[in-house]
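Biologist: Thanks for sitting down with me over this model. Could you put it on the screen so that we can talk it through?

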Amino acid sequence: MPPPVDTSPVTDNDKEAVPYSDDEFPQWAKDLRRGEIITLGSVPFVGLWVVGGYGGYKYFSGKTDSFPNPFSPKDAFDKNEIWTMVGVTAGIGLGIGLTDFFVNLARRKKAEKERLLQEAKDREGITPLTPEEAGRLLRENSHKRAAEE
């Protein structure tokens with residue numbers, strides 16, 4: 001017997017989904033997800049370049065009479081060539097993803113270093129005056145104002 005189906009009406013009391021906040025996930029998880037997207041997104045384009053490049057290599061090196069058609073079963077690539085192209089495609093795609101990861105990591109570290117340096121400069125710019133220095137500056141400024149008038 002199938003399990004019972006909930007047929008109760010949806011009410012306004014049900015909570016609506018809210019978007020994720022910026023601090024809901026740690027930075028390493030965001031970086032990992034970005035790397036995954038970059039890697040998997042680049043694989044189709046890299047695959048086209050690898051297949052075209054390997055086909056061009058076979059044609060221009062004289063190993064085949066015509067440019068190989070990867071969609072034709074008669075002059076397609078053999079299994080070893082296909083697995084080699086899949087491995088090269090995966091390796092290049094992973095290399096692109098890792099490159100993006102390390103470039104963004106370096107940018108983030110540089111921005112953090114610059115922010116900390118700027119904070120240190122801002123803190124150094126404000127120095128408290130001793131009462132003697134404050135009195136001396138007030139006397140100098142009052143003498144300058146009196147001379148100008």
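What follows is a short conversation about this predicted model.

Biologist: Is Thr39 buried or exposed?

Modeller: Happy to start there. Thr39 sits in helix 1, and its relative accessible area is 14%. Buried means under 20%, so Thr39 counts as buried.

Biologist: And which residues does Thr89 touch, leaving out those up to four places away in sequence?

Modeller: Thr89 belongs to helix 2, residues 79–125. Its relative accessibility is 8%, so Thr89 is buried too. With residues up to four places away in sequence left out, the residues it touches are Val43, Val46, Gly47 and Val50.

Biologist: Lovely. Now the aromatic rings: how are the rings of Tyr54 and Tyr57 arranged, stacked, edge-to-face or tilted?

Modeller: The count for the model comes to 6 aromatic pairs. In the pair of Tyr54 and Tyr57, the ring centres are 6.0 Å apart and the planes meet at 35°. Planes under 30 degrees apart would be stacked and over 60 edge-to-face, so this pair is tilted.

Biologist: Where do Tyr54 and Tyr57 lie?

Modeller: They are 3 residues apart, about one turn of the helix. Both are partly exposed, Tyr54 at 25% relative accessibility and Tyr57 at 45%. The element that holds both is helix 1.

Biologist: What is the arrangement of the Tyr59 and Phe60 rings?

Modeller: Tyr59 is partly exposed at 35%, whereas Phe60 is exposed at 70%. Their ring centres are 5.1 Å apart with the planes at 70°, so the pair is edge-to-face.

Notes. Residues numbered from 1 in each chain as written. Predicted model: local features only at pLDDT ≥ 70, side-chain atom pairs only at ≥ 80, totals over all residues. Heavy atoms only, no water. Helix = DSSP H or I, 4+ residues; strand = E, 2+ residues; numbered from the N terminus. Buried < 20%, exposed > 50% of the residue type's maximum accessible area, 1.4 Å probe, protein only. Contact = heavy atoms within 4.5 Å. Phe/Tyr/Trp six-rings, centres within 6.5 Å; stacked < 30°, edge-to-face > 60°.
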